[in-house]
Amino acid sequence: MATWSAPGKLFLFGEHAVVYGKPGIAMAIKPRVQVTVHRSRYAQRPNSPYIAECLDFLNVKGSVYVKSQLPSASGLGSSAAVTVATLFAINDEFQLGYNKEEVTEFAHEVEKITQKGRASATDTYVSAYGGMVLIRGDEKRRLIPPENFSIVIGNTLVPHHTVDQVRKVAEFQKRSPAVANPILDAIGALTMEAMHNFENQHELGILMNRNQALLNALGAGHPALSRMVLAACSAGAYGAKLSGAGGGGCIWALCPRTVRHRVISAIEACDGKPIPTEIDMEGVRKERDQ
């Protein structure tokens, strides 16, 4: 058997717009998903569509066991982490001989199939390689993480489904391109501005709030997200915004370390769950076989 793990991700800027070729910025975070694959001719078909597609994509049969530190349906890249770790474990267990770049591309293809064609390469790439990454079309550029980057993640505990949210935005874009396209363009431009302001946290917070407003205009918002964003900012955060597809899931707040405890309390007061985290620079890795 082979066991691999992959980190979750926090989408910092560019959600939804990245699906349309605009830039997006994301970073890997410490909570991980661990997957063990054991070759088996008579294994039952997995309940997870992502795991099932991984097996089909590489044309193998096996048993798959998952241990996750990531909440599902929360916008923290749990499906991408599962997909990445599963494919690397399959590649190892069945000695298929694919390199890291190839398996990472397979992960993107699996997500595209499972999400009906609309999936960014961001989640799978960040989960495979770790660190902070700028994604723009086929370009993937690793960024130097800023110092003193103090963030708090808040989980609304409202589940969402990435496929549904991506489809919702796609329908809006198709129905009202004259409205949707300028919003997507603005998110892309804002993302590039953010990339040059990571050391200026006051300005970065302003950009976060603007990005949140644009995502609301796309229809990615949710009352629980809005309450938590406002509560975090009122508690002293420089800025706060949703992370991921929206419609529920998580926010992230950028805050001085001196008010971090107040932001955590504000999230709890919104009936949310604060998630302690930091950047994961490692990406996918092989674990000791069980």
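In this predicted model, Cys 255 is buried, with a relative accessibility of 1%. Cys 233, by contrast, is partly exposed, its relative accessible area being 26%. The closest cysteine sulfur to that of Cys 233 belongs to Cys 255 and lies 10 Å away, so the two are too far apart for a bond. Cys 255 is likewise in no disulfide, its nearest cysteine sulfur being that of Cys 233. A disulfide is a covalent bond between the sulfur atoms of two cysteines. The number of disulfides in the structure is 0.

Strand E1 spans residues 2-13 and is mostly covered, with 12 of its 12 residues buried. Strand E1 pairs with strand E2, which covers residues 24-39; the two run antiparallel and are joined by 11 bridges. Within this pairing, Phe 13 has Ile 25 of E2 as its bridge partner. Strand E1 also pairs with strand E10, formed by residues 285-287. This second pairing is again antiparallel and comprises 3 bridges. Here Ser 5 stands opposite Arg 285 of E10.

The chain between E1 and E2 forms a loop that contains His 16. Most residues other than glycine have a negative phi, and most peptide bonds are trans. His 16 is not a glycine, yet its phi is positive, at about 65°. His 16 counts as buried, at 6% relative accessibility. A positive phi is also found at Gln 95, where the value is near 50° in a residue other than glycine. Gln 95 is placed in the loop between H2 and H3. In contrast to the buried His 16, Gln 95 counts as exposed, with 71% relative accessibility.

The largest pocket has a volume of about 690 Å³. Its lining is made up of 34 residues, and those closest to the pocket centre are Tyr 50, Ser 78, Ser 79, Gln 115 and Thr 162. Two or more lining residues come from each of strand E1, helix H1 (49-58), helix H2 (78-93), helix H3 (100-114) and helix H5 (162-175). Strand E1, whose residues are mostly covered, is thus one of the elements that contribute to this lining. Sorted by class, the lining consists of 16 polar, 13 nonpolar and 5 charged residues.

Side chains of opposite charge can pair when their charged atoms come close. The structure holds 11 salt bridges. One of these joins Asp 280 to Arg 32, with the closest N and O atoms 3.3 Å apart. This pair connects distant parts of the chain, the two residues being 248 residues apart. Asp 280 lies in the loop between strand E9 (273-275) and E10, whereas Arg 32 is in strand E2. Both partners are buried: the relative accessibility of Asp 280 is 3%, and that of Arg 32 is 8%.

A salt bridge within a single helix is formed by Lys 112 and Glu 109, which both lie in helix H3. The two residues are 3 residues apart, about one turn of the helix, and their closest N and O atoms are separated by 3.3 Å. Lys 112 is partly exposed, with a relative accessible area of 27%. Glu 109 also counts as partly exposed, at 24% relative accessibility. Helix H3 is in addition among the elements that give two or more residues to the lining of the largest pocket.

Another salt bridge is found between Glu 287 and Arg 285, where the closest N and O atoms are 2.7 Å apart. Glu 287 is buried, with a relative accessible area of 18%, since the cut-off for a buried residue is under 20%. Arg 285 is partly exposed, its relative accessible area being 28%. Glu 282 joins these two residues in a network of salt bridges. Arg 285 therefore appears in two settings: as a member of this network and as the residue of E10 that stands opposite Ser 5, a pairing in which E10 is held to E1 by 3 bridges.

Technical notes
Residues numbered from 1 in each chain as written. Predicted model: local features only at pLDDT ≥ 70, side-chain atom pairs only at ≥ 80, totals over all residues. Heavy atoms only, no water. Buried < 20%, exposed > 50% of the residue type's maximum accessible area, 1.4 Å probe, protein only. Helix = DSSP H or I, 4+ residues; strand = E, 2+ residues; numbered from the N terminus. Pairing = 2+ DSSP bridges. Disulfide = S-S within 2.5 Å. 1 Å grid on protein atoms, 1.4 Å probe; cavity = no way out; pocket = protein on both sides within 12 Å on 5 of 7 lines; lining within 4 Å. Points joined across faces, edges and corners; volume = space filled by probe spheres on them. Nonpolar A, V, L, I, M, F, W, Y, C, P; charged D, E, K, R; others polar. Salt bridge = Lys/Arg side-chain N within 4 Å of Asp/Glu carboxyl O.
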